[in-house]
Amino acid sequence: VIPSKTIQESPVQTINEVLDGQIGVDVQQRGPFNTQSDLRFRGGTFDQSLLMIDGINLNIAQTGHHTMQIPGSLLALSRVEILKGAAVRQYGQSAFSGAVNLVTINPTQNQAIIGLQGGSFGYFSADAIAQYKQNAHSGFIAFNHQQSDGYIQNTDFKNTSVLFKNQYETSKATWQFHTGYNRNSFGSNAFYSTKYPHQYELVNNGFINVGYENKSSVWDVKSTLLYRYLQDQFQLFRDMEEAPSWYKDHNYHYNQVVDYHLNIGRKITDNLFVTNASNFRFDHIKSSVLGDAVQGKENERYSKTMHREMISDHVQLHHILNNFEYRVGVMGLFLPNQGAFEWLPGAEISYQLGHHLWSASVNKAFRMPTFTDLYYKSATNIGNPDLQPESAWDYEISYQYQSPVLYAQVSYFQK
């Protein structure tokens, strides 16, 4: 866990820089700041990572290249939770190698913060947040903008982001509303291939999420409903400049996600808890290159389409016994499109004695192929619509030492 105090005191300007350098996390950046980045855990790929805001799954099925394309500002963060390995199975099949959860602030007072920066190559950055607290209502609106003319040809970028959160809290229940928008345009010189230096990409994306939580001395019920979209335009030849005769048009993709999550927790005793998490997710894309051809739309921009559904249920037992703590759980995952069903079991155990913590875990990980895995074809890629999901067993043992002045960890893991 990285607290906000550490983030604010560090010389970082983007979430990429916060994550980069953390043990077991690899952030591979194309271009400066948050132009485009790939998130990887422990040697996994960018398609095996999950990114969340307040536990909201914002991944897009098109490709993991868009995982870091999210709204937000460092000023809005309360902490960053880094979850490694398949033990994060309860967050869904996207968390094959690990996950990052960006936990936002819950304001306790009215205040505003504004920051401006400038630099060479036309660089300009603005970061701002307005927080409010009024009786049972609290929330914030955060804004971030970064732009540059580029340090060499076709490396210019312009990134604008807005994130809004409102919370209404009573003694028995909490309502939350999140919405965000991000627009990112950038020259992609050598991002994907050095053969085509005039590549360009424009990504528009946003989301709306409504959440509810009802707590009692025994029961804990959480429910969220998410709608997310991402529109991606990729130009191999920017504005068709110097485009050869074989290059007819750019690549266009429009992604939509609907996700419903219901978590019910039951306190059996002071040290024994049972939770059940159910999830329904719908992923849809219409595209110029990804998906199955749509009859009658061969000459239109979005001539192909693809969709899939996933239904899952996760049951977990959590028991604290003196210095011992263990979790045992299993997820059942149903894939209606394939008519397939998967069991994803897992268990974690830990023992703490003073500053020392020993832990071990075994879990089964699972990931659906992205739409790019299934359909994208180029000189260096061959898509396969019949590609099957990947799965793996994940084993880990770990030792940690933590005191007020020293933190140390050693781990062994195998997938």
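Reader: What makes up the lining of the second largest pocket, in terms of nonpolar, polar and charged residues?

Author: In this predicted model, the residues that line the second largest pocket divide into 12 nonpolar, 17 polar and 11 charged. The space in this pocket comes to about 1200 Å³, and of the 40 residues that line it, the closest to its centre are Phe 234, Asn 251, Tyr 376, Ser 378 and Asn 381.

Reader: Which elements each supply at least two residues of that lining?

Author: They are strand S14 (219-235), strand S15 (251-269) and helix H3 (371-375).

Reader: How do you know that a space is a cavity and not a pocket?

Author: The test is whether a 1.4 Å probe that fits at a set of points can get out; where it cannot, the set is called a cavity, whereas a pocket is an open set. A search of the whole structure on that basis finds 3 cavities of 30 Å³ or more. Of the 22 residues that line the largest cavity, the closest to its centre are Ile 15, Asn 34, Gly 72, Ser 73 and Leu 74, and the space within this cavity is about 270 Å³.

Reader: What makes up the lining of the largest cavity, and which element gives the largest share?

Author: Its lining residues divide into 10 nonpolar, 11 polar and 1 charged. At least two residues each come from S7, strand S10 (137-148) and strand S11 (157-169), and the largest share, 3 residues, is that of S11.

Reader: How much space lies in the second largest cavity, and which residues are the closest to its centre?

Author: About 160 Å³ of space lies in the second largest cavity; 18 residues line it, and Asn 59, Ile 60, Ala 61, Gln 93 and Ser 94 are the closest to its centre. Two or more residues of this lining are given by strand S16 (272-287) and by strand S18 (304-321). By type, the lining of the second largest cavity divides into 5 nonpolar, 8 polar and 5 charged residues.

Reader: Why is the chain called as compact as a globular protein of its length?

Author: The radius of gyration of the chain is 22 Å, and the globule rule gives 22 Å for 415 residues, so the chain is as compact as a globular protein of that length. The C-alpha trace spans about 70 × 50 × 40 Å along its principal axes, and the chain holds 3 helices and 23 strands. Buried residues account for 46% of the 415 residues; among contacts between residues at least 6 apart in sequence, 55% join residues at least 24 apart.

Reader: Why is Asn 182 counted as buried or exposed?

Author: A residue is buried when its relative accessible area is under 20%; Asn 182 has 2% relative accessibility, and therefore counts as buried. Asn 182 belongs to strand S12 (residues 173-187). Leaving aside neighbours within four places in sequence, Asn 182 is in contact with residues including Gln 69, Ile 70, Pro 71, Ser 161 and Val 203. Ser 161 is 21 residues from Asn 182 in sequence, yet their C-alpha atoms are 4.4 Å apart in space.

Reader: What makes S6 and S7 a pair of strands, and in which sense do they pair?

Author: Two strands pair if there are at least two bridges between them; strand S6 (residues 77-84) and strand S7 (residues 98-104) have 7 bridges and pair in the antiparallel sense. Val 80 has Leu 102 as its bridge partner in S7, while Arg 79 stands opposite Val 103. S1 and S6 also run antiparallel, joined by 2 bridges, and the partner of Ile 2 in S6 is Val 80.

Reader: Why do S1 and S5 stand at the edges of the sheet?

Author: The sheet is open, with 5 strands in the order S1-S6-S7-S4-S5 and mixed pairing. Strand S1 (2-3) and strand S5 (56-57) each have a single partner strand, so one side of each is left without a neighbour in the sheet.

Reader: How do you know that S21 pairs with S20, and also with S22?

Author: The bridges again meet the requirement of at least two: 8 bridges join strand S20 (residues 340-353) to strand S21 (residues 356-367), and 12 bridges join S21 to strand S22 (residues 390-402), both pairings being antiparallel. Glu 348 has Ser 361 as its bridge partner in S21, and Leu 357 has Gln 400 in S22. The hairpin of S20 and S21 has 2 residues between the strands, and there Gly 354 takes a positive phi near 65°.

Key:
Residues are numbered from 1 along each chain as its sequence is written. This is a predicted model: local features need pLDDT of at least 70, side-chain atom pairs count only at pLDDT 80 or more; totals for chains, interfaces and linings use all residues. Side-chain values use heavy atoms; hydrogens and water are left out. On a 1 Å grid over the protein atoms alone, a cavity is a set of points where a 1.4 Å probe fits but cannot get out, and a pocket is an open set with protein on both sides within 12 Å along at least five of seven lines; lining residues have an atom within 4 Å of a point. Grid points are joined across faces, edges and corners, and a volume is the space filled by probe spheres set on the points. Helices (H or I, at least four residues) and strands (E, at least two) are DSSP runs, numbered from the N terminus. Ala, Val, Leu, Ile, Met, Phe, Trp, Tyr, Cys and Pro count as nonpolar, Asp, Glu, Lys and Arg as charged, and the others, Gly among them, as polar. The radius of gyration is taken over C-alpha atoms; the globule rule is 2.2 Å times the number of residues to the power 0.38. Buried means under 20% relative accessible area, exposed over 50%, partly exposed in between (1.4 Å probe, protein chains only). Contact means heavy atoms within 4.5 Å.
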